[in-house]
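These are my notebook entries on a structure that I had not examined before. I set down what I looked up, entry by entry.

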Amino acid sequence: MAYAIDDPSRRRFVNWFLGTSAGAFLLAVLYPVSRYLVPPPSGESAAGTVTLAIKPEDVKPNTGQIFKFGSRPGILVRTAAGELRAFSAVCTHLNCTVQYRPDFGQIWCACHNGHFDLNGKNVEGPPPRPLEAFAVNARGNQIVVSKGA
Amino acid sequence: MEPVETHGAVWRWLDRRIGLADLEYLARKKQVPLHRHTIWYYFGGMTLFLFAIQVATGILLLFYYRPSAEEAYESVQFLMAEVEFGWLIRSIHAWAANMMIFTLFVHMFSVLLLGVYRPPREITWFSGVALMGLAMGFGFTGYLLPWNELAYFATKVGTEITGAVPLVGSFLRRLLRGGDEVTGATLTRFYGIHVAVLPLLTAALVGLHLFLVQKHGMSVPPSVERGGGPLRTMPFVPNFLLRDMVGWLAALAGLAALAAFLPAELGRKADPFVSAPIGIKPEWYFMFMFQTLKYLPARILGIDGEVVGVLGFGLGGLFLLLIPVLDRRTARGEPSRLFFWIGIALIVYMLVLTYLGYTASATK
C-alpha cells in the first residue's frame, strides 16, 4: 500500500482523535461558561430580629405597613382590636409583595387576588401556603420583630 | 442570463465581483399566488418591518440607557424629559413592540388555520414558533429595563413562575434572576439578554425562516389547491413589494400617531419595600396566562395550582410547535377539521381570557 492514510483502521484512529479533541474542546469552553452564568451564592439575609423605625402609637388600628426584614419585605398589621402582628410580606403564590386592605380586614395580594386572614392563613385565591408569621414585641416606644414566632 | 442593456457600468462592475445577476434572477423569479386568502401574506413582512424598527430604535435607546438599579429609571426619565425626541424614540420602541407581537400572532394564526405548516414547510413552522418565543422573551426582558414598579413586580411574578418547573425550577429561577431575588443583578442579566442574546438568535432564525420561504415559495392553502383551476400570480418585485410598502408606511404613520398621542409611560421607580400596586397587569400578550393563573385554585389534585398552570402552558407551547408532526391529515393534503377547530379554540381562549383580564374586578 502506497499511502498509509488509506488504511481504514488508521483513519478511524485519527478520526476518533479528532472527534474526542473537538468534544474535549467544547467541554473546556462550555464548563466555565455554564459555571459563570450561575450567580455566586449571596449570604442569606441573616436578619433574625429587626427593630422598626416606627413607634407603636403611630400604627393605627385596622392598618398595615411594609417594613424591611433583612433583604425581604415584611408587613406589620394592627388589627381592629388593637393587636400588633407581623408576617413576611412575600406572597406564597408568586412572590409579589402583599398589602393590608382595611376594607376587607385582610392581607391581600394585588397580583393574583390572593387573600390571607390576620393569622397569615391563605383563605382565598391562588396562594398555596400561609404567610410566615413573625413575633412582635412592643418595648416602650420600639417595635421589635423577630423570626420564629 | 442575457446581459441586460439597461444596466450601467457600476452595476456590471459589481456583477462581475459579487454576482448581482443571480440576485436579480432570484428576485424576478419570486411570484405571489393570488387567491381569496392572499391578504394573509402581508403579515409576515409586516412583522419583519416592525422588527427592523425595533432594531433601529433599540440601538438609539442604547446611547442613553444605563443598565443598573441605581441609574436605569433615572436614565429613562432623562431620556423622556431632556433628550430631544427621546420620548418619540422610546414610545415608538414600546408601541412597535406591541404591534410586532400583534402582527406576529395574526401571521401565526393565519398560517395555522390555512394549514401552511404541511410538508415541506415544517421547519418554516418550527422556526416561526421559535421566533414567537423569542419575541415574547424580548417583551419580557425589555419590560424590566425602565426599572419601574410595574416592571419590577411583573418580573418577580414571571421569574417566580419558572420556579414552578419541576426539578430544575429553583435553579432556573436563580439563573434568570442572577440571584435569589429580583435585584440590579436581574436587570443587568435581562439587559444582556435583551440587547445581545435575543437579537443574535433572532437574526439567525429570521435568516433561516426567510431562506425557507424563498426556497419553497409562498404556500397556497390546501382549500385553494383543491379548488383546482389555473392559479393567478403576481411578481413579488415590484408589484407585491410595493403593496407591502404601502402597509409599512401606514404602520409607521400609525406608530408616530400612537407615540405622539399616547407616549410610553414610566410610572414610579421600583422599590422592593412597597406593596404590589392595585390593578397590576402584565403586557397584554401575557394577559391570558396571567388571568388563567388567577383562576387556578391553590391546589389541584395535590399539586400547587401554579405548577399545574405552568405545566399546562409548557405543554400547550410544545403542542403548538409539534402541530406539523401531529396533524397527519393536512400532511396528506386532506382537510383537517380537528386542527382547524383547535386553532379557533386557541384564539377564542386567548381572546376571552384577555378580555376578562382587562374587565374583571381585581378582587373578584
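I began with terms: helices (H or I, at least four residues) and strands (E, at least two) are DSSP runs, numbered from the N terminus. I note also that the model is a predicted one.

Entry 1, chain B as a whole. I counted the elements and found 15 helices and 4 strands in chain B. I then looked up the extent of the C-alpha trace of chain B, which spans about 70 × 55 × 35 Å along its principal axes. The radius of gyration of chain B is 23 Å, in agreement with the value near 21 Å for a compact globule of 364 residues. Of these 364 residues, 32% are buried. I also examined contacts in chain B between residues at least 6 apart in sequence, and 77% of them join residues at least 24 apart.

Entry 2, the interface. I asked how many residues of chain A are in contact with chain B. The result was 24 residues of chain A, in contact with 31 residues of chain B. On the chain A side, I recorded 14 nonpolar, 9 polar and 1 charged.

Entry 3, strands of chain A. I followed strand β9 (residues 133-139) of chain A to its partners. Strand β4 (residues 84-88) of chain A runs antiparallel to β9(A), and 2 bridges join them. Here A:Ala86 has A:Phe134 as its bridge partner. On strand β10 (residues 142-146) of chain A I found 5 bridges to β9(A), again with an antiparallel course. One of the pairs I noted is A:Ala138 with A:Ile143. β9(A) and β10(A) form a hairpin with 2 residues between them, and A:Gly140 in the turn has a positive phi of about 60°.

Entry 4, positive phi outside glycine. I found that A:Asn113, although not a glycine, has a positive phi of about 60°. I located A:Asn113 in the loop between β6 (106-109) and β7 (114-116) of chain A. Is A:Asn113 partly exposed or buried? A:Asn113 is partly exposed, because 19 other C-beta atoms lie within 10 Å, and a buried residue needs 20 or more. In chain B, B:Phe85 has a positive phi near 60° and sits in the loop between α4 (72-81) and α5. B:Phe85 counts as exposed, because 12 other C-beta atoms lie within 10 Å.

Entry 5, cis peptide bonds. I recorded a cis bond between B:Pro119 and B:Pro120, with omega about 5°. B:Pro120 belongs to the loop between α5 (86-113) and α6 (122-144) of chain B. A cis bond also leads from B:Val237 to B:Pro238, with omega near 0°; B:Pro238 is in helix α11 (residues 236-261) of chain B.

Entry 6, helices of chain B. I examined helix α7 (residues 149-162) and helix α8 (residues 169-177), whose axes come within 7 Å and cross at roughly 145°. The contact involves B:Thr159, B:Glu160 and B:Thr162 of α7(B), with residues of α8(B) including B:Leu172 and B:Arg173. The residues of this contact divide into 2 nonpolar, 3 polar and 3 charged.

I turned last to helix α13 (residues 305-326), which bends by about 40° at B:Leu320. A proline, B:Pro324, follows within four residues. B:Pro324 is buried, as are B:Gly305 and B:Ile323, among others in α13(B). The buried residues of α13(B) pack against elements of chain B that include α6, α7 and α15 (337-359).

Methods
Residues numbered from 1 in each chain as written. Chains lettered and ligands numbered in written order. Predicted model: local features only at pLDDT ≥ 70, side-chain atom pairs only at ≥ 80, totals over all residues. Contact = placed C-beta atoms within 7 Å. Nonpolar A, V, L, I, M, F, W, Y, C, P; charged D, E, K, R; others polar. Pairing = 2+ DSSP bridges. Axes fitted to C-alpha atoms, helices over the stretch in contact; angles between N-to-C directions. Bend = angle between axes of the 7 residues up to and from the residue. Rg over C-alpha atoms; globule rule 2.2 N^0.38 Å.
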